[in-house]
Amino acid sequence: METTYRSNIMICAGTSCVANGSLKIKDALAAELVKHDLQNEVKIVLTGCNGFCAKGPVIVVYPDDIFYHQVKPEDVPSLVEEHFVKGRPYQKFLYKPPTSKDTIPTMNEIPFFKHQVHRVLRNRSLIDPENIDEYIARDGYLGAAKALLEMTPEQVRDEVKRSGLRGRGGAGFPTGVKWDFSASAPGETKYVICNIKFMDRNIVEADPHSVLEGMIVAARAVNAHQGYVYVREDYPLAIRRLRLAVDHAVEKGLLGSDILGSGFEFNIEVYQGAGSFVCGEETALMESIEGRRGMPRVKPPYPAVQGLWQKPTVINNAETLANLPPIILNGAEWYTSLGTEKSRGTKVFSLSGAVNNSGLVEVPMGIPLKTVVYDIGGGVKGNRKLKAVQMGGSAGGCIPASLIDTPVDFESIMNTGAVVAAGGIEVIDETSCMPAMAKFFLEFMEDESCGKCIPCRIGSGTLRSIITRITNGEGREGDIELLEKLSQQIKDTSLCGFGQTSINPVLTTIKYFREEYDAHIKEHRCPARVCTPLIQFKVNEANCKKCGLCFKGCPVGAITWEKGKVAYIDQEKCTKCKTCIKNCRFWAID
Amino acid sequence: MQKKISVTIDGKKVEVPQDSTILDAANAAGARVPTLCQDNKLHPYGACRICLVEVEGSRKLMASCAERAREGMVVRTTSPALIEARKMVLELLLIRHPLECPSCDKAGECKLQDLVHEYGLGPSRFDAVKEYLPPSDESAIVERNLSRCILCGKCARICEEQNAVGEWAFTRRGMRSRISTDFDRPLDCEFCGECVEICPVGALTTKQFKYKARCWNLTGTQSVCNYCGCGCTLKYETRDGKILRAAPANANYLCVKGRFGWDAMHHEERLTTPKMRVDGELTDCTWEEALSVVATNLKVIKNKKGVESIGGLGSVRTTNEDGYVFQKFLRSVVGTNNVDMLARLKVPKGLDTAFFSGELPRMGEHEAILALDKNVGEINPLTGIEIIRAVGRKSSKLVLVNDGYNKFNKIAAVTIPSGAEQAVDGLIAALSSTKSGNEIQKAAEILKSAKSVAVIVPSRLTDKEFGKIKELAGLLKNVTYYPIVPRSNFQGSLDMGVIAEYLPGYRKAEKPGMNAVEMINGAKSGKIASLYIMGDDPVGSDPKLKENLQKLEFLVVQDIFMSETAKIAHVVLPAASSAEKTGTFTNLERRLQQLDKAEEPLGESRPDWEIIRDLAKKMGGSFAYASSRDIMKEIRSEVPLYAELSIGACWQREKSPLAGADVDLSLSSASIMKQEVITSDRLLFSSGVSITRSHEIGTIGQRQKIEV
């Protein structure tokens, strides 16, 4: 008979918490429990990403729902003593909001979690991702079972169409409609591919079976019998958990030739890609699986009709797929209860940048961006001013602080020039230079371009070289217009979505922060004090509060200061390291 | 009939076949849509973005090379926005592309140059970033100029899609992408030069043509490659009467031999003057002297030993006109039917295979292809290419019989890893059984279910082997044979009656003369006292035959090189090469092809037919041919198969007098050539009288696997 535990300690073993030492915490806890002879009463479980990465390592104790963060191994004895022996939360590691003196012990009371709704991340901090039984215990594979045993492929597609689920990949294309194309495409052999984008990594690491189950539902919908999960090799934990999950599912008869006795056959292969950004583009991904260089194909024909090995192929990303089981199980109406009319359900975001609470969050579609940044994210770090929010990763766009009330849904965000689907939210504060940021993204895109089509291959590098001269203080009259024109042309003429969206960082920063570009070109000034060639390293007497922070931080002794006097920077000694600029709170260094 | 659709291009309505691209429709409408990465020989790629067009109802610009035309589509191929977009593509390319047009061999036929001119690009909006990389010339034949490359991928694609070799590929990413071989090693491929031909800029050029001429100073002359039975039509490009380059005609294909091997015709061993043996030495003489000596000696021997002691061995490298005049001379002027070709030794057995090849461009109409000769790509490269095209573009399924490994393994649906004979036996057994599993069974299933099958027949077969192939064919539906024919004008020479048993057009000779084997043996036994050998080198093929030929009282050799046989002749007559004369060939498909004169005959050499005409005159014949056209006129009246055969057309098998008859035109070599044959797995570079004299092909120097 299995042991019944009175308490479960869920230790986050997501990549971020592991890096912060969560495995050491686990060892310390295990040793400590044995010391108190509690090993048969308290169970330790390693879970996937909890989401509150900024506060790792994170542990949650059930059934009390007590959330501990930034736990240190040396304090583990006190924690066990307090919580498991004396039965009261251990104050030291409880969450305390930046604005309050009182701790919040219960996880769901913490603002970071309170505004979230977990559908895709439904099992986070609740199950061991390497244990299929725990997934099954949380209604796992019931959706697949329903799709296989109680529904026809048409009914599955109809349910998904009625749910309004849109692809969490790029363009937000309705998933059910895409399936219809594949389902009606001629041919016996069809494929289902799961694409894992940057942010999906945490989903598959935390709950790999939810993705596999989604693939079974998709396979049922289009009558495919072979599936591939394409994971880049840079995600070794994801690869390991997926392979393990496939093995377990096969053992349980949840994958294979006769799933749950339905007679339906479906097999999944986990395919390890070499790790190229452009292989996120669906046709490049297929080229890669077929053993060629990952370069996008010209479309049409679309993958739904002629995809992998020229066969009709459904390709969805892990987040879209993880949405499917509960939709099938609970019905389209349940799904549409959240979100807006055109953007149903929830969306997972990786919240990062100059924000207090970075991490993985899932919010209902339509939630104001402001709630995400200020309530969930806890506001801008260091009480700096919010400048913009970058949404959609390298191919996304910037939303200025003035549009912070924009609801997070496909259309509203698209109208700003940014992108919802990729799921990145990067908070940018006043210390960031927008042309420099655009340059950063362009450098990435230039490196990652596959080189196939001319506008993307040469165009992105050309944009980068123009922005580089702007940030170097060598910008020319007309450069902004040239950037706009070339960006628009690259957008109109590039072969694939990669090239067509690579210019978003340029176009949106010009759209909302044109004056910053102007300042660089016309006034030879970088307002954010980021572009070194444009900084004079002179103290602005009007702004200087004579605090001496610049003096204290200077590593080369280039600054002279006395209490009550304006600081002075010796140009001879200054190495332009910008420490003074980072330390100055008053924008007193020009 | 294929369904047609109607498309409006720039306001003009055109009807095009259903699977046409927008580009096809635009071309049909006469609209000029520029392209850089598109080629009809390749699958659509859509990379250069210069062929973008506007389609009504579509928000996005569309790559016309890849987008299918649809019924009722309304397309604009030019608009201010499109012109601007195209200019941008060109402008971006010119950021890096070096403007070294004055020293680039591609200038004048460079697509980038043409388009920059056509779109009138002025000063660029962007700063140039020229990076000069020295040309990489470590490979034979081909020179690579990376800084000129625009990364259209055509070289890599044609090498993979058409040649199944895949020597070139993209490496690195983004702006640093480049075309390269594996780890940048020197080329180790078939050296067909298709990549150079298809390169739209000067990124790939040939060493052979480097700095030889500007393309606009070249004169093109239509001719036919005479290296194998495929007989690819080509264009010799000359300047000042010298060939400098060869290009495929009809935008088709040339292999290494056709494209680069023509320089053999400029080899120092070319014969430039007639020679006769004086005091045991071959000595230069005049045509008058040489022809008089030949005429006199033939007459003397005829009187002394009888006309049956004289024989003629013709060639497969000469034109139809040459062959026709040769056999006519022997039969009517000398008066003997001892006319034949040694090339018959290398003929596939049996009439069907020898004559009735399918047409090569129709290879893709067959649902299945059974390749019984693994060396098809080496011996008949075009047949090999058509197999690959059939598999890659028409979805034919290839059943390959190969006991080794070569490029065809990559595209075969099934490979039977054995010799041809064993495979045929296995297939016959498998076709009548219902077991399944192994390769032979899978192959049998493919062949059985195919509505039509092409069978690539090896060039050397025994009676028994050919019988087996026929038996196998009997079990399949609609079989078309594609025999491997190593020699160029073999079909034409047979048609012209350069064969003991038949007069021109396969009229049975009333009194058949001695065949080639009998003549060679007769030289030894004394039955043959004199041989006239036109364009062949028996001693070069088998040094043992020297003994036979040395017994002859009088040996005339007419050739383009000082061959091993010529060295023991009494009179040597210098002939013009195939590029130096006008005439026709008939290739393995029975297709009549025109050769025009690209170069003047070297030295005093003359076309074969002219030499024989003059010799005939000396011997009292009345050969009144002023040109090869006159001969063709006579051929058309004498040979019904050619009566209405136009250039480029194939004569129909049903019309042959031998159709349906079971006639064997092959000769057994057992009695004369007993030596073991040494061959190589790189036959492309290493076989033949001419190829071994090509300087350019000699530079390839590759590893070769020798088989005995």
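Which residue just after α8(B) takes a positive phi? In this predicted model, that residue is B:Gly335, with a phi of about 95°. The helix before it, α8 of chain B, covers residues 320-334. Its 15 residues reach 20 Å from the first C-alpha to the last, close to the 21 Å expected at 1.5 Å a residue. Of those 15 residues, 13 are buried, so α8(B) is largely enclosed by the rest of the structure.

Let us step back to chain B as a whole. The chain has 24 helices and 30 strands. Its radius of gyration is 28 Å, close to the 27 Å that the globule rule gives for 708 residues, so chain B is as compact as a globular protein of that length. Along the principal axes, its C-alpha atoms fill a box of roughly 90 × 65 × 50 Å. Buried residues make up 52% of the 708 residues. Among the contacts in chain B with a separation of 6 or more, 69% are between residues 24 or more positions apart.

Next comes the meeting of the two chains. Chain B brings 25 residues to the contact and chain A brings 22 residues. On the side of chain B that touches chain A, helix α2 (residues 80-96) gives the most, with 7 residues. By class, that side of chain B has 18 nonpolar, 3 polar and 4 charged residues.

Over in chain A, strand β5 (residues 191-195) is a good place to look. All 5 of its 5 residues are buried, so β5(A) is largely enclosed by the rest of the structure. A:Tyr191, A:Ile193 and A:Asn195 point one way, while A:Val192 and A:Cys194 point the other way. This fits a familiar pattern: in a regular strand the side chains alternate between the two faces of the sheet. The strand has these two parallel partners:

| Partner of β5(A) | Bridges | One residue pair |
|---|---|---|
| β6(A), residues 226-232 | 5 bridges | A:Val192 with A:Gly227 |
| β8(A), residues 313-317 | 5 bridges | A:Ile193 with A:Ile315 |

Finally, chain A also offers a helix pair. Helix α18 (residues 454-471) and helix α21 (residues 504-522) pack at an angle of about 35°, and their axes are 11 Å apart. From α18(A), the residues A:Leu463, A:Ile470 and A:Thr471 take part. They meet A:Val506, A:Tyr517, A:His520 and A:Ile521 in α21(A). The residues of this contact divide into 5 nonpolar, 2 polar and no charged.

Technical notes:
Residues numbered from 1 in each chain as written. Chains lettered and ligands numbered in written order. Predicted model: local features only at pLDDT ≥ 70, side-chain atom pairs only at ≥ 80, totals over all residues. Helix = DSSP H or I, 4+ residues; strand = E, 2+ residues; numbered from the N terminus. Expected span 1.5 Å × (residues − 1). Buried ≥ 20, exposed ≤ 12 C-beta atoms within 10 Å, placed from the backbone. Contact = placed C-beta atoms within 7 Å. Nonpolar A, V, L, I, M, F, W, Y, C, P; charged D, E, K, R; others polar. Axes fitted to C-alpha atoms, helices over the stretch in contact; angles between N-to-C directions. Pairing = 2+ DSSP bridges. Rg over C-alpha atoms; globule rule 2.2 N^0.38 Å.
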